[in-house]
Amino acid sequence: MKNFLKGDNRVKELARFVAEHYRNNVEPLGYKAFLVAVDRPACHKYKAALDRILPPEYSAVIMTTNNNDGPELKQYHLDDKTEKAIRKNFRKFGEFPKILIVTEKLLTGYDAPILYSMYLDKPMRDHTLLQAIARVNRPYENEQQEMVKPHGFVLDFIGIFENLKKALHFDSEEINAIVKDLSLLKQVFRAKMESIAPEYLKLIHFNFDDRDNDNLIEHFRDKERRKQFFKEYKEIEMLYEIISPDAFLRPYLDNYATLSGIYAVVRKAFSRGAQPDKEFQRKTNRLVQAHIGTSVIQPIRDIFAIDEKTIETIQSRDGGDNTKVINLIKSIEKTAEEQSEDPYLIAMADRARAVQENFEDRQTDTAEALAELFREIENNEKRKRQQVESGLDALSYYVLCKLTEEQIPSAQPVSEKIAAAFRESVNWRRSEKELRELRNQITFAIYAEVDDLDRVASLVDSLFEVLMKAGSPHAEAHQ
């Protein structure tokens with residue numbers, strides 16, 4: 001058996017297959033691989049064969065050594081420092097080596113979560129086999145690269161998995177919970193694309209133009225409906241990432257790309273806060289770019305300057321009112337983010353998000369939500385003129401507006417005391433002691449005018465809720 005597995009022609013062909021599979025299926029995901037050879041001489045043969053196809057730095061051999069080894073194997077004798085460096089670099093995203101050629105060493109005990117694929121060319125059974133499978137099933141997350149590994153992948157050249165019950169003397173249900181054959185995953189993908197996807201695909205009639213985008217927003221306003229779609233799409237996406245590239249997928253590519261476009265539009269429309277650059281896993285992202293391009297993402301995310309011309313600009317644009325609601329909310333959030341020193345804009349963004357909550361919960365219809373956002377913009381333009389006339393900075397004017405809105409007597413002098421307290425407490429965001437003292441000063445300043453401690457405490461809480469989000473121009477000036 002060993003002589004058969006080490007046959008020159010066989011090693012050459014399998015090495016070519018491994019190289020192509022790794023470059024097409026695994027490397028695009030950012031993960032790494034083990035090639036498990038039958039013995040140490042086979043490790044040497046695989047390394048030599050891979051080096052004729054891939055750059056030599058792509059792979060490395062890690063194996064036990066013997067003083068009686070001949071010249072072919074002695075070249076893989078590593079000192080502790082070198083082997084430690086190889087092991088360490090293998091664990092790192094983007095570093096070489098990307099494929100480790102092993103036979104016994106590292107199959108148990110070595111923890112490299114970035115390991116995704118195992119090319120298995122060695123008979124194994126029972127706990128040894130389970131330990132090897134466990135190497136590729138280590139959970140892996142990389143926030144910077146937005147990578148979350150949901151599973152491992154074993155490509156079996158020996159036929160172990162065809163007779164898995166014999167190879168593993170464990171309960172068959174336990175085995176099925178650990179190992180899923182690729183043919184089964186293809187069946188699941190086909191079933192989902194034929195039973196689940198059509199309900200979503202029928203929402204697209206005009207190749208993602210304004211009408212389609214507006215209809216998608218209306219359809220997915222319901223949070224539970226949206227949550228269900230995201231769950232189902234992510235399950236389909238995971239299956240696609242495992243299977244791709246494969247000729248099996250050809251009949252489904254157009255529909256899968258359209259489904260991914262729907263996901264991108266809905267996610268962009270209803271996501272909170274900053275948008276990550278990466279919408280999909282790597283293979284899906286390439287497919288969407290090729291089949292649809294980035295146009296499906298853009299119409300939902302038109303950002304407008306929030307000024308005296310905003311309402312006129314929105315009303316003059318084509319597209320449905322659902323899209324306009326989402327675009328206005330995103331625009332207000334973006335303006336608040338860019339002018340974070342203005343607490344009025346921070347509070348305005350909070351109110352815009354409340355409009356979105358009511359819009360999604362269908363407590364307000366589209367026309368009402370749009371009217372509320374227009375009123376916010378009109379009020380913002382009005383307050384900007386009044387602030388200029390008052391000569392107050394952003395913080396002082398916001399506090400004055402808040403106290404006036406709450407009908408606090410002597411709002412003007414109280415707001416001046418509060419603004420002065422903020423100017424003196426330049427480190428209140430970083431010092432708990434200074435924050436406590438500042439809150440006490442503000443509480444006493446308001447309590448002197450309002451003999452209702454609960455009401456005062458609620459007002460102080462609401463002030464700090466906004467001001468904690470805003471950048472203080474006074475603090476920056478002192479720094």
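A residue counts as buried when its relative accessible area is under 20% and as exposed when that area is over 50%, with partly exposed in between. The exercises below apply this and similar rules to a predicted model.

**Exercise 1.** Classify the ring pair of Phe34 and Tyr110, and state which parts of the chain the pair ties together.

*Solution.* Ring centres must lie within 6.5 Å to pair, and planes under 30 degrees apart count as stacked. By this rule the count comes to 24 aromatic pairs. For Phe34 and Tyr110 the centres are 6.3 Å apart and the planes stand at 10°, so the pair is stacked. Next, locate the two residues: Phe34 belongs to strand β1 (residues 32-36), while Tyr110 sits in the loop between β3 (99-102) and β4 (115-120), so the pair links parts that are 76 residues apart in sequence. Finally, under the opening definition, Phe34 and Tyr110 are both buried.

**Exercise 2.** Decide whether the pair Phe422 and Phe464 is stacked, edge-to-face or tilted, and whether each residue is buried or exposed.

*Solution.* The centre-to-centre distance is 5.8 Å and the angle between the planes is 40°. Since stacked requires under 30 degrees and edge-to-face over 60, the pair of Phe422 and Phe464 is tilted. Phe422 lies in helix α20 (residues 411-424) and Phe464 in helix α22 (residues 453-467), so this pair joins parts that are 42 residues apart in sequence. With 3% relative accessibility, Phe422 is buried, and Phe464, at 4%, is buried as well.

**Exercise 3.** Describe how helix α2 and helix α3 cross, and name residues that meet between them.

*Solution.* Begin with the axes: those of α2 (residues 8-26) and α3 (residues 40-51) come within 9 Å and cross at roughly 55°. This angle makes α2 oblique to α3, and the crossing in which α2 passes α3 is right-handed. Then turn to the contacts, where residues of α2 including Asp8, Arg10 and Leu14 meet residues of α3, among them Lys45, Tyr46 and Leu50.

**Exercise 4.** Find the rings over whose faces Arg211 and Arg226 lie.

*Solution.* Arg211 lies over the face of Phe206, at 3.6 Å from the ring centre, and Arg226 lies over that of Phe270, at 4.1 Å from the ring centre.

**Exercise 5.** Place Ala371 in the chain and decide how accessible Ala371 is.

*Solution.* Ala371 belongs to helix α18 (residues 366-390). Its relative accessibility is 30%, so Ala371 counts as partly exposed. Val325 is 46 residues from Ala371 along the chain, and the C-alpha atoms of Ala371 and Val325 are separated by 9.3 Å.

Methods
Residues numbered from 1 in each chain as written. Predicted model: local features only at pLDDT ≥ 70, side-chain atom pairs only at ≥ 80, totals over all residues. Heavy atoms only, no water. Phe/Tyr/Trp six-rings, centres within 6.5 Å; stacked < 30°, edge-to-face > 60°. Helix = DSSP H or I, 4+ residues; strand = E, 2+ residues; numbered from the N terminus. Buried < 20%, exposed > 50% of the residue type's maximum accessible area, 1.4 Å probe, protein only. Lys NZ or Arg CZ within 6 Å of the ring centre and 35° of its normal. Axes fitted to C-alpha atoms, helices over the stretch in contact; angles between N-to-C directions. Parallel < 35°, antiparallel > 145°, perpendicular 65-115°, else oblique. Left-handed = near helix turned anticlockwise from the far one by under 90°. Contact = heavy atoms within 4.5 Å.
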